[in-house]
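I set out to look up salt bridges and the burial of one helix in this structure. My entries follow in the order in which I made them.

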Amino acid sequence: MNDELLVDRRGPILILRLNRPESRNALTPAMIHRIGAAVRDAEADPEVRAMLITGSGDRAFCAGMDLRAFADGASFATDNPDYAAYHRLSSGMLTVPVIAAANGSAIGGGLELLLGCDVIIAADTATFGLPEVKRGLFPGGSGTAIAQRIPMGIALELTLTGDPITATRAYELGLVNAVTRAAETLDTALVFAERIAANAPLGLAACKELVRMSVAAPARVHERLTHWQNMVFPSDDAKEGSRAFVEKRAPVWRGR
């Protein structure tokens, strides 16, 4: 088993831990394909109701792409379904809700990975940045879509200067949902994950897609809203939610 990514399960929550602390959890092609494989497993398992991503160590969540690995000839198999699954994760397109515990800095591709997460809990020591322009590049993944989560002027500042911001500033901008002491980041993220995973799977999938789409592709929202209305409101889970409310008990969701 490749220990660059540690996969754990806590009830309905799948936990992925980037595990290259000596390299600030920088992403190699093998690691990206491994994350994609875990994502595919999560989406195929109806018992997985949420996914949590964090990093090992206390220095970094993820430092982006491992440039040394690329210099040594490592490359993506872009036609691989695992790579496609990773791309859907970083683009916020998974049906499963994704929570991040940013235990340290998220730079470049590391921040792009965070942008694919739905709820972000940050350690007070974390920093966030898109430094690609300092290296003659630009954020080639989802980084230029950061204006979907923060004001455009700040998004332009971050991408044009390449300078990082603190966790406190990220919280003030709405980029992260909460800032905690570093030792409490994972536990706080798990609480968020548990709160989310307790809700109805179809309703979660509908909320996730429609809220993101209302910002990224508002012209498509009406069509997808009709789709989700027709799927969710007549569902078994909708009936179960009403019965559980009347009977004053916790609902038992079946995702259908």
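**Salt bridges**

I began with Glu 209, which forms a salt bridge with Arg 224; their closest N and O atoms are 2.4 Å apart. Glu 209 belongs to helix 8 (residues 201-216) and Arg 224 to helix 9 (residues 221-232), so this pair ties together parts that lie 15 residues apart in sequence. I note that the model is predicted.

I then checked the accessibility of both partners. Glu 209 counts as partly exposed, at 24% relative accessibility. Arg 224 has a relative accessible area of 18% and is buried, because the cut-off for buried is under 20%.

Next I looked up Glu 240. Its salt bridge is with Arg 249, and the closest N and O atoms of the two are 2.7 Å apart. Salt bridges with shared partners join Glu 240, Arg 243, Glu 247 and Arg 249 into one network. Within this network, I recorded Glu 240 as buried, with a relative accessible area of 9%, and Arg 249 as partly exposed, at 32% relative accessibility.

I also examined Arg 181 and Glu 184, whose side chains meet in a salt bridge at 2.5 Å, N to O. Arg 181 counts as exposed at 56% relative accessibility, whereas Glu 184 counts as partly exposed at 31%.

For the record, I entered the total for the structure, which is 15 salt bridges.

**Helix 5**

I turned to helix 5 (residues 152-161) and asked which of its residues are buried. They are Ile 154, Ala 155, Leu 158 and Thr 159. How are these buried residues placed when helix 5 is seen down its axis? They fall within an arc of 125°, so they line one face of the helix.

I then asked what the buried residues of helix 5 pack against. Their partners are strand 9 (165-166) and helix 6 (167-173).

On the face of helix 5 turned away from its buried side, I found the exposed residues Met 152, Gly 153 and Leu 160.

Finally, I inspected the point just after helix 5, where Gly 162 takes a positive phi of about 75°.

**Entry to keep**

From the salt bridges, I keep the pair Glu 209 and Arg 224, which ties helix 8 to helix 9, and the network that includes Glu 240 and Arg 249. From helix 5, I keep the buried face and its packing against strand 9 and helix 6.

Conventions. Residues numbered from 1 in each chain as written. Predicted model: local features only at pLDDT ≥ 70, side-chain atom pairs only at ≥ 80, totals over all residues. Heavy atoms only, no water. Salt bridge = Lys/Arg side-chain N within 4 Å of Asp/Glu carboxyl O. Buried < 20%, exposed > 50% of the residue type's maximum accessible area, 1.4 Å probe, protein only. Helix = DSSP H or I, 4+ residues; strand = E, 2+ residues; numbered from the N terminus. Arc of directions from axis to C-beta. Contact = heavy atoms within 4.5 Å.
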